[in-house]
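Have the model open in your viewer and keep the selection box handy. We will go from stop to stop, and each one says what to pick and what you will find there.

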Amino acid sequence: MTIQMIIALAITALMIVLIMIEKLPFGAPPLFACILLVIFGITDIKGAFAGFSNSTIIMLAEFMAIIAALQKTNFIVVFKRAMFSMANKGGFKSYMLIILVVMLGCSMFGTGSTAYYVLTIGLLSTLPYSKKLPPSKVIMTAGFAANHPLIPFNTALQFGIVTAVLGAAGQAINVSVFKFAIVNLFLSLGFLLNCVIQYKFLPDHPIKDEDEEETNSVANETASLLPKWKQNVTYGAFVFAVVGMLLQSRIGDAGYAMAGLSVAVILVTKVLDFKEIRDAISAPIILMSAGVIGVADALGSTGLTNLVGETVAGMLGTNINPFLMIFAFCILTSLLATLTGSTIGTVYVFTPLAIAVCSNLGLDPTAAACAIVISGWCGHFLPIDGMPAMILGYGKYSAKEFWIFTIPQYFIRLIALTVGSLIMFPM
């Protein structure tokens, strides 16, 4: 391990500790880490703060403004009333219903959709406090549910990577799309299992200072103050932005720019004024997400991922249980993808290594390829990525509260993923 790797890891660890102990304002630790990376020569200014020009961060900021506009419409009034009604009923059924509705929506957007989790967490953050079903129980579970499709039919990206990696490794294997979708379903069922187990243990606290007053007013909130035409403009702008996100893989950065155009329409029609838009796009969560990208890129550029992958592949040798082999590679892939911020890059490093191990053992590598590719989107036990950072911030969770849910979730999901891959693609 080089000196650069050690320094980059130390700075990353310091950033994580500062985030979790909450001694600095939310969003500040990654910026501090970026400065240290430049001072120690790990990266330059342009690389350290590259997150602020990252297309995903720009899109995230744009959607923050769009969500702020949506909160002025009747849609949010109806949403609040429906959620408040479920929260008022409380209990396990309402808790699970909210999670399942979010997972159903994720089926359309697909795993890893930034637009969908930003929208979901943003809407959930409007929930008023109710003792029967506190929003602190809902944001943690339904927030992560935005990454777990209930009916996993939109798996084109991950399936494409699996077939590409197998082909590059000389494995001419025809992978069943249906079976691959079922492997994703195992992952979602593992997530649901953790939600069921942790229902009684999730924290109960307000997520906003005005929760008590809002609880009394939501039931009486009947309509938006915006004129009907402005509400329709907002809905149209939102749909246009979402379409841009769905088409991004085909039209490139223009898909992200479509969200920016939606914000411009919201400004021109005065749904939001400039100050409201500025406050939305410069929210602490944007600083957090943008700063983390610079840290992750710097860590990945040191060559840590390749070093870990080659070392582990050598340690596993040619005499290991297939379940343990796949599970170990899933842990490493998800962990390094989270730390480096390069999900696809990490997947393309570890999957060929696992395929090579399978070949040495005389095993069919399909199960390993499927599980390891999917695991790249299964980190989230550290708040150094957009989704977990938003959940931590909006839910006002302590480090202990956050990890009590996310660490069991991490291992339960990876176990379910490994089991599902082996059932659907026997080795």
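Where is His380 found? Select it, and you are in the loop between H19 and H20. Keep in mind throughout that this is a predicted model.

**Stop 1: two loop residues**

Stay on His380 and check its backbone. Its phi is near 70°, a positive value in a residue other than glycine. Is His380 buried or exposed? Buried means under 20% relative accessible area, and His380 has 7% relative accessibility, so it counts as buried.

Now jump to Lys270, in the loop between helix H13 (254–268) and H14. Here too phi is positive in a residue other than glycine, with a value near 65°. The surroundings are another matter: Lys270 counts as exposed because its relative accessibility is 63%, and the cut-off for exposed is over 50%.

**Stop 2: helix H19**

Go back to the loop of His380 and select H19, residues 366–375. How many of its residues are buried? The count is ten of ten, and the helix is mostly covered. Click through them if you like: Thr366, Cys370, Ile372 and Ser375 are among the buried residues.

**Stop 3: helix H8 and its partner**

Next, select H8, residues 135–145. Eleven of its eleven residues are buried, so H8 is largely enclosed by the rest of the structure. The buried residues include Lys137, along with Val138, Met140 and Phe144.

Add H20 to the selection. H8 and H20 pack with their axes 9 Å apart, at an angle of about 160°. That makes H8 roughly antiparallel to H20, since angles over 145 degrees count that way. Turn the view to look along the packing, and H8 passes H20 in a right-handed crossing.

**Stop 4: a second helix pair**

For another pair, select H10 (residues 177–198) and H21 (residues 399–424). Their axes come within 8 Å and cross at roughly 150°. H10 and H21 are therefore roughly antiparallel to each other. As for handedness, H10 passes H21 in a right-handed crossing.

**Stop 5: the second largest pocket**

Keep H20 in mind and bring up the second largest pocket, which holds about 630 Å³ of space. Which residues are closest to its centre? Of the 24 that line it, they are Met64, Gln71, Ser125, Ala283 and Tyr394. Colour the helices that give two or more residues to the lining: H4 (55–70), H14 (274–281), H15 (284–301) and H20 (386–395). H20 gives the most, with four residues.

If you are thinking about the chemistry of the lining, colour by residue type: there are 13 nonpolar, five polar and six charged residues.

**Stop 6: Glu62 and Gly260**

For the last stop, select Glu62, which lies in helix H4. With a relative accessible area of 13%, Glu62 is buried, because the limit for that label is under 20%. Then add Gly260 and draw a distance between the C-alpha atoms. The two residues are 198 apart along the chain, and their C-alpha atoms are separated by 5.8 Å.

Conventions:
Residues numbered from 1 in each chain as written. Predicted model: local features only at pLDDT ≥ 70, side-chain atom pairs only at ≥ 80, totals over all residues. Heavy atoms only, no water. Buried < 20%, exposed > 50% of the residue type's maximum accessible area, 1.4 Å probe, protein only. 1 Å grid on protein atoms, 1.4 Å probe; cavity = no way out; pocket = protein on both sides within 12 Å on 5 of 7 lines; lining within 4 Å. Points joined across faces, edges and corners; volume = space filled by probe spheres on them. Nonpolar A, V, L, I, M, F, W, Y, C, P; charged D, E, K, R; others polar. Axes fitted to C-alpha atoms, helices over the stretch in contact; angles between N-to-C directions. Parallel < 35°, antiparallel > 145°, perpendicular 65-115°, else oblique. Left-handed = near helix turned anticlockwise from the far one by under 90°.
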